[in-house]
Amino acid sequence: MAAWGAGLAPSGDRGLMRGGEMTGVKKRYLQMNEDLLREHPEFLDPAAPSLPARLASVAAAMPSLAAAAAAKAIAEWGRPAGDITHLVFSTSTSAQVPAIDLRIASLLRLSDTVKRTTIAFQACTGTSSALRVAMDIAENNRVARILVICADMLSINGFHVPNEAHPAGIIAHALFSDGAGTVIVGAEPQEPVELPIFEMLSTSQVTIPGTEHVASTQFTTGGIDYSLLPDELVALIDRNVERCLDGALVPLGIAKLGWNNLFWVVHPGGPVIMDSLEAALKLEPEKLAASRQVLSEYGNMTGPTLIFVLDEVIRRHRQLDGDEEWGVMVSFGPGFTIEVMALHACSSNKR
């Protein structure tokens with residue numbers, strides 16, 4: 001299956017926000033700002049029921065952000081928005097019916113026959129899950145053109161007054177940010193208009209039993225609460241990531257090339273995640289350079305982050321004349337879940 005374009009939109013016009021050194025984040029883009037806090041003082045009161053107002057704030061801001069990212073991808077794709085046949089929308093920070101994808105479709109002027117699917121609460125594997133679903137659609141419908149959008153605004157739902165008794169929340173405040181990313185997926189590209197960037201060859205999802213407690217969020221009356229156990233995350237990656245990669249790549253004959261002969265599109269999560277992956281697979285430092293760059297410049301946007309990394313990998317491939325033909329996309333999410341996708345760089349990537 002082919003992928004065209006990568007539309008990006010970091011959220012918020014008050015973009016420069018300093019993070020703690022331990023997160024590796026130099027700046028982030030947040031929808032949460034002083035004006036929103038003045039409008040909603042309940043966001044500052046841990047005892048106040050603020051979830052409805054938070055969800056309403058996300059619903060007001062997210063459609064335009066997602067549509068801006070999608071418009072960039074559609075422009076790069078080169079065909080009219082009306083040619084989009086399916087919309088797959090992924091988010092972990094919006095919850096209402098009808099879902100936000102309906103407003104996004106309206107803003108983009110997609111056809112009223114577009115087939116919409118919403119994927120919710122996959123957190124950092126949101127993009128991987130959406131691309132997996134899009135790939136399945138394209139394999140069964142060769143003329144389908146699927147607009148994949150992943151958007152999250154954790155700064156609104158996850159904002160809390162810092163509490164030293166809850167260190168995971170403090171780390172999360174320094175790490176997470178907002179954004180939206182878009183990819184267009186389809187089969188049998190119609191050249192010369194459609195110039196695919198990557199082929200998606202296969203997907204794999206592995207959930208490690210009994211690990212639900214390691215990384216989770218909960219909707220409460222006061223917004224989203226975090227639960228993160230970094231030491232257990234590292235141990236799980238060390239013990240499981242290579243076998244998960246082998247399971248996805250060995251049948252294709254890609255694993256035999258060696259991990260350092262592939263290009264890597266990895267959801268950064270945080271420095272401890274990348275350090276663990278790098279050590280477990282003995283990766284050369286430049287293999288995760290794109291992931292570290294995105295984390296530094298944008299923070300962890302939850303689901304959309306992987307699309308930002310994909311775009312950075314594309315940019316480096318073109319700028320540095322990268323010669324790796326085969327690659328792998330990896331993300332880690334709640335469950336504890338490891339998502340893997342095998343990728344093949346198309347010749348039109350150079351263009």
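## A first look at this structure

Leaving aside neighbours within four places in sequence, tryptophan 264 is in contact with Leu245, Trp259, Leu281, Leu283, Lys287, Leu288, Val313, Val328 and Val330. Keep in mind as you explore that this is a predicted model. Trp264 is also among the residues with the most contacts inside the largest nonpolar core, and that core makes a good place to start.

**The nonpolar cores**

- The largest nonpolar core has 38 residues, and Leu245, Leu249, Trp259 and Phe332 join Trp264 as those with the most contacts inside it.
- Elements giving two or more residues to this core include helix 7 (230-249), helix 8 (271-281) and strand 9 (263-266), along with strand 8 (223-228), strand 10 (326-333) and strand 11 (337-345).
- Helix 7 supplies the largest share of the core, eight residues.
- A second core of 34 residues is separate, and Leu37, Ala53, Ile100 and Ile184 are among its members.
- As background, nonpolar side chains tend to be buried together in soluble globular proteins.

**Helix 2**

- Helix 2 covers residues 51-77, which is 27 residues, and reaches 38 Å from its first C-alpha to its last, close to the 39 Å expected at 1.5 Å a residue.
- Look for a kink of about 35° at methionine 62 in this helix, shortly before proline 63.
- Just after helix 2 comes glycine 78, with a positive phi of about 100°.

**Serine 291**

- You will find serine 291 in helix 9 (residues 289-298).
- Serine 291 counts as buried because its relative accessibility is 0%, and buried means under 20%.
- Beyond its neighbours within four places in sequence, serine 291 is in contact with Val266, Pro268, Met274 and Val309.

Terms used. Residues are numbered from 1 along each chain as its sequence is written. This is a predicted model: local features need pLDDT of at least 70, side-chain atom pairs count only at pLDDT 80 or more; totals for chains, interfaces and linings use all residues. Side-chain values use heavy atoms; hydrogens and water are left out. Helices (H or I, at least four residues) and strands (E, at least two) are DSSP runs, numbered from the N terminus. The expected span of a helix is 1.5 Å times one less than its number of residues. The bend at a residue is the angle between axes fitted to the seven residues ending there and the seven starting there. Buried means under 20% relative accessible area, exposed over 50%, partly exposed in between (1.4 Å probe, protein chains only). Contact means heavy atoms within 4.5 Å. A nonpolar core is a set of buried Ala, Val, Leu, Ile, Met, Phe, Trp, Tyr and Cys residues joined through side-chain atoms within 4.5 Å.
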